[in-house]
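Biologist: Please take a close look at a single part of this protein and describe how it is put together. A plain account will do.

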Amino acid sequence: QSRPGQHRRRASATIKGDDVVDPMTGDELPVFQTNEVKIHVYDLLTQDCAVEMPFLNCNFPLGRCFKAVNDGCNYLGTGAYHVGVEVNGVEYAYGGNNIPGMSGIFTCIPKESPGYELRDTIELGKVHTTKKIWIRIPKVTALSPLSQRVSAAFAKLTEESDTERKNASEASQNAYTYREIETFAEGHTVVHDMAKEYLGSDYDL
């Protein structure tokens, strides 16, 4: 694991206030819909975590010892961490469970992931996330609505053969084409789609 602090400088905000600014030129850009994203980094144990040792009649402060070790590892650029991703005010994280078919992704209050000790927060700012979808659009050569109604009216007056009906169906399909476009991807929807793929029973450190 890399040290969380070293990633902070990579997260450059391109949105200031209500204006979207090109980070290279400083020019204002068109305003896009965005998702507010933060990364919360946790130690794997809370500081008050202790292990009862009956044979010594004491409690071993495992949480404080773990934090001391992780502080040293963090200084060297490594360590053991749990990470939660906050998207638009809701924190999402991943953990294991023993229920078949149950997602490993869970939600919690930001900066309060249960069972972990918050260490740092990395602000990624406002992120414009897109997804690609396919849409059907009429071809330029397609008949106008008026022409289609006139053709349909005449079709009722004549008896069409099966071949003619098939040709008409093919002509109707050929009147449209498909185009791939980019559209805004709402953060919660993206995570909910991921939840179906990341099952808790697949959790493996």
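**Strand 4 and its surroundings**

Modeller: The protein has four helices and twelve strands, and the model is a predicted one. The part chosen here is strand 4, which covers residues 35-43. Strand 4 runs antiparallel to strand 10 (residues 117-127), and nine bridges join the two. At the start of strand 4, Asn-35 has Val-127 of strand 10 as its bridge partner. Strand 4 also pairs with strand 7 (residues 81-87), again in the antiparallel sense, over seven bridges. In that pairing, Asp-43 stands opposite Tyr-81 of strand 7.

Val-87 belongs to the picture as well. Leaving aside residues up to four places away in sequence, Val-87 touches Asn-35 and Glu-36, and also Tyr-92, Gly-187 and His-188. Val-87 is part of the largest nonpolar core, which has five residues in all; the others are Tyr-92, Ile-105, Val-191 and Ala-195.

Helix 4 spans residues 187-195 and includes Met-194. Met-194 is partly exposed because its relative accessible area is 35%, which lies between the 20% limit for buried and the 50% limit for exposed. Together with Val-190 and Tyr-198, Met-194 forms a nonpolar surface patch with about 250 Å² of accessible area.

For the protein as a whole, 20% of the 205 residues count as buried. The exposed area is about 14700 Å², of which carbon and sulfur atoms supply 55%. Of the contacts between residues at least 6 apart in sequence, 71% join residues at least 24 apart.

Technical notes:
Residues are numbered from 1 along each chain as its sequence is written. This is a predicted model: local features need pLDDT of at least 70, side-chain atom pairs count only at pLDDT 80 or more; totals for chains, interfaces and linings use all residues. Side-chain values use heavy atoms; hydrogens and water are left out. Two strands pair if DSSP finds at least two bridges between them. A nonpolar core is a set of buried Ala, Val, Leu, Ile, Met, Phe, Trp, Tyr and Cys residues joined through side-chain atoms within 4.5 Å. Buried means under 20% relative accessible area, exposed over 50%, partly exposed in between (1.4 Å probe, protein chains only). Contact means heavy atoms within 4.5 Å. Patches are made of residues with over 30% relative accessible area and no salt bridge: like charges are joined within 9 Å, nonpolar side chains (Val, Leu, Ile, Met, Phe, Trp, Tyr) within 5 Å. Accessible areas come from the Shrake-Rupley method with a 1.4 Å probe; for residues, only the protein chains shown count as cover. A salt bridge is a side-chain nitrogen of Lys or Arg within 4 Å of a carboxyl oxygen of Asp or Glu.
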